[in-house]
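Hello,

Here is the structure you were waiting for. My notes follow below it.

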Amino acid sequence: MSAAERSDIEEFDEWLDEVAAALAWHDGDAEATIRTLLADCKHLREQLALAQIAMGMGFTRGWSPCAERSAELARRG
């Protein structure tokens, strides 16, 4: 097994552990887990918007945060 394959497996295992932990926190209730994750996502997007408004461009040398992952990937690609 190559190092890249091992890394992918380890990443998947970590992701699976995080999913299991989130479900365990809600006693296995998937709907409650999803509701909590969506509420957390909404809160973090609001915090990101406030941070984006408050910070100056000189602070980050032209970089600014974006709320959508697709926009971040487009910047990199």
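**What the model shows**

Phe 12 lies in helix 1, which covers residues 3-25. Please keep in mind that this is a predicted model.

The overall fold first. The protein has three helices and zero strands, so the order of elements from the N terminus is α-α-α, with helices taken as DSSP runs of at least four residues. Of the 77 residues in the protein, 8% are buried. About 6,700 Å² of the protein is exposed, and 60% of that area comes from carbon and sulfur atoms.

Back to Phe 12. With a relative accessible area of 46%, Phe 12 counts as partly exposed, because that class lies between the 20% limit for buried and the 50% limit for exposed. Phe 12 also belongs to a nonpolar patch on the surface, together with Trp 15, Leu 16 and Val 19. The accessible area of these four residues together is about 380 Å².

Thr 33 is a contrasting case. Thr 33 sits in helix 2, residues 30-54. Its relative accessibility is 6%, and Thr 33 is therefore classed as buried, the cut-off being under 20%. What does Thr 33 touch, leaving aside its neighbours within four places in sequence? The residues in contact with Thr 33 are Ala 22, Leu 23 and His 26.

In short, Phe 12 is partly exposed, whereas Thr 33 is buried.

Regards

Key. Residues numbered from 1 in each chain as written. Predicted model: local features only at pLDDT ≥ 70, side-chain atom pairs only at ≥ 80, totals over all residues. Heavy atoms only, no water. Patch = residues over 30% accessible without salt bridge, like charges linked within 9 Å, V, L, I, M, F, W, Y side chains within 5 Å. Areas by Shrake-Rupley, 256 points an atom, 1.4 Å probe, with all protein chains shown as cover. Salt bridge = Lys/Arg side-chain N within 4 Å of Asp/Glu carboxyl O. Helix = DSSP H or I, 4+ residues; strand = E, 2+ residues; numbered from the N terminus. Buried < 20%, exposed > 50% of the residue type's maximum accessible area, 1.4 Å probe, protein only. Contact = heavy atoms within 4.5 Å.
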